[in-house]
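Subject: Structure handover

Dear colleague,

Here is the structure we spoke about, for you to take over. Please have it open while you read the notes under it.

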Amino acid sequence: VFHRWDGERLRAVVPRRPGQAAVGGWGWGQIDVQDREGRWWLATSDGVLRFPPVSRLEELARVGLEARLDQRSGLPGRDVFRVWEDRSGDMWISTIDASATGQLGLWSRSTGTARAFGENDGLPPRATPSAFAQTADGTLWIGCYDGHLVRRRGERFEALPDFPGAAQGQIPALLLDRHGRMWVG
């Protein structure tokens, strides 16, 4: 459910969700995203729903789905925890699903396909991504629910083993300031 201030009060907007996707994802922040083309990506307990661009938020209650991404389309698990758009317009999708072999998926804007990443790609086992950031040089940084800090340069992921505070708790936020410094929360 979204709430929009109309100048006098908050109005609820309930996007149209088909069948089993009626339950939203349970993560916080970065769970529903409007991408650079105006499409809406909504996290659910059964994948990601993508809606077409709308001129008014209220239209999400009426428009049909443009696409649904789930394990059949390449995501690593069902229960979506985060959705985040990188600079190239690709969508990073984390899942928090105990039955999944990996916890991170990528939908490529150029190919229109999704793929999953896991330990074979350099990710720590069962490290659910909980925050994303991208530096000016294109390096992708990922904070994980279990406290890992991971970076991706090129096609490989690398967990930073000596990160202070690693394995002491989750990383719910990453922030790049105007000087290019990254802050880890």
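The notes below go from the whole chain to single strands and then to two side chains.

Please keep in mind throughout that this is a predicted model.

The chain as a whole

The chain has 16 strands and 0 helices. It holds 185 residues, of which 48% count as buried. Among contacts with a separation of 6 or more, 45% are between residues 24 or more positions apart. The exposed area of the chain is about 9600 Å², and 50% of that comes from carbon and sulfur atoms.

The sheet of strands 3 to 6

One open sheet is made of 4 strands in the order 3-4-5-6, with antiparallel pairing. Its edges are strand 3 (32-34) and strand 6 (67-69); each has a single partner strand, so one side of each has no neighbour in the sheet. On average, and ignoring direction, neighbouring strands of this sheet are turned by 15° against each other. Strand 3 is joined to strand 4 (residues 40-44) by 3 bridges in the antiparallel sense. Within that pair, Asp32 has Leu42 of strand 4 as its bridge partner.

Strands 8, 9 and 10

Strand 9 (residues 104-108) has 5 of its 5 residues buried, and is therefore largely enclosed by the rest of the structure. The cover extends to both faces: Leu104, Leu106 and Ser108 are buried on one side, and Gly105 and Trp107 on the other.

Strand 9 has pairings with strand 8 and with strand 10. Strand 8 (residues 91-95) runs antiparallel to strand 9 and is joined to it by 4 bridges; here Trp92 stands opposite Leu106. The pairing of strand 9 with strand 10 (residues 113-117) is also antiparallel, over 5 bridges. Trp107 has Ala114 as its bridge partner in strand 10. Strands 9 and 10 form a hairpin with 4 residues between them, and Gly112 in the turn has a positive phi of about 70°.

Strands 11, 12 and 13

Strand 12 (residues 140-144) is mostly covered, with 5 of its 5 residues buried. On one side the buried residues are Leu140, Ile142 and Cys144; on the other they are Trp141 and Gly143.

Strand 11 pairs with strand 12 in the antiparallel sense over 5 bridges, and Ala131 stands opposite Gly143 of strand 12. The hairpin of these two strands has 5 residues between them, and Gly138 takes a positive phi near 90° there. Strand 12 also runs antiparallel to strand 13 (residues 149-153), to which 4 bridges join it. In this pair Trp141 stands opposite Arg151 of strand 13. A hairpin with 4 residues between the strands is formed by strands 12 and 13; in its turn, Gly147 has a positive phi of about 100°.

Gln134

Gln134 lies in strand 11 (residues 129-134). Its relative accessible area is 14%, under the 20% cut-off, and Gln134 therefore counts as buried. What does its side chain reach? One contact is with the backbone nitrogen of Arg87, at 2.8 Å. The side chain of Gln134 also reaches the backbone oxygen of Gly138, at 3.3 Å; Gly138 is the residue with positive phi in the hairpin of strands 11 and 12. Not counting residues up to four places away in sequence, Gln134 touches Trp84, Asp86, Arg87, Thr139 and Leu176.

Arg152

Arg152 is in strand 13. At 11% relative accessibility, Arg152 counts as buried, because the limit is under 20%. Its side chain makes a polar contact of 2.9 Å with the side chain of Glu155. A polar atom of the Arg152 side chain also lies 3.5 Å from the backbone oxygen of Gly154. Leaving aside neighbours within four places in sequence, Arg152 is in contact with Trp92, Phe117, Thr139, Leu140 and Phe157. Of these, Leu140 is one of the buried residues of strand 12, and Trp92 is the residue that stands opposite Leu106 in strand 9. Thr139 is touched by Gln134 too.

Regards

Methods. Residues numbered from 1 in each chain as written. Predicted model: local features only at pLDDT ≥ 70, side-chain atom pairs only at ≥ 80, totals over all residues. Heavy atoms only, no water. Buried < 20%, exposed > 50% of the residue type's maximum accessible area, 1.4 Å probe, protein only. Polar contact = N/O pair within 3.5 Å; in protein donor to acceptor, adjacent residues only side chain to side chain. Contact = heavy atoms within 4.5 Å. Pairing = 2+ DSSP bridges. Axes fitted to C-alpha atoms, helices over the stretch in contact; angles between N-to-C directions. Areas by Shrake-Rupley, 256 points an atom, 1.4 Å probe, with all protein chains shown as cover.
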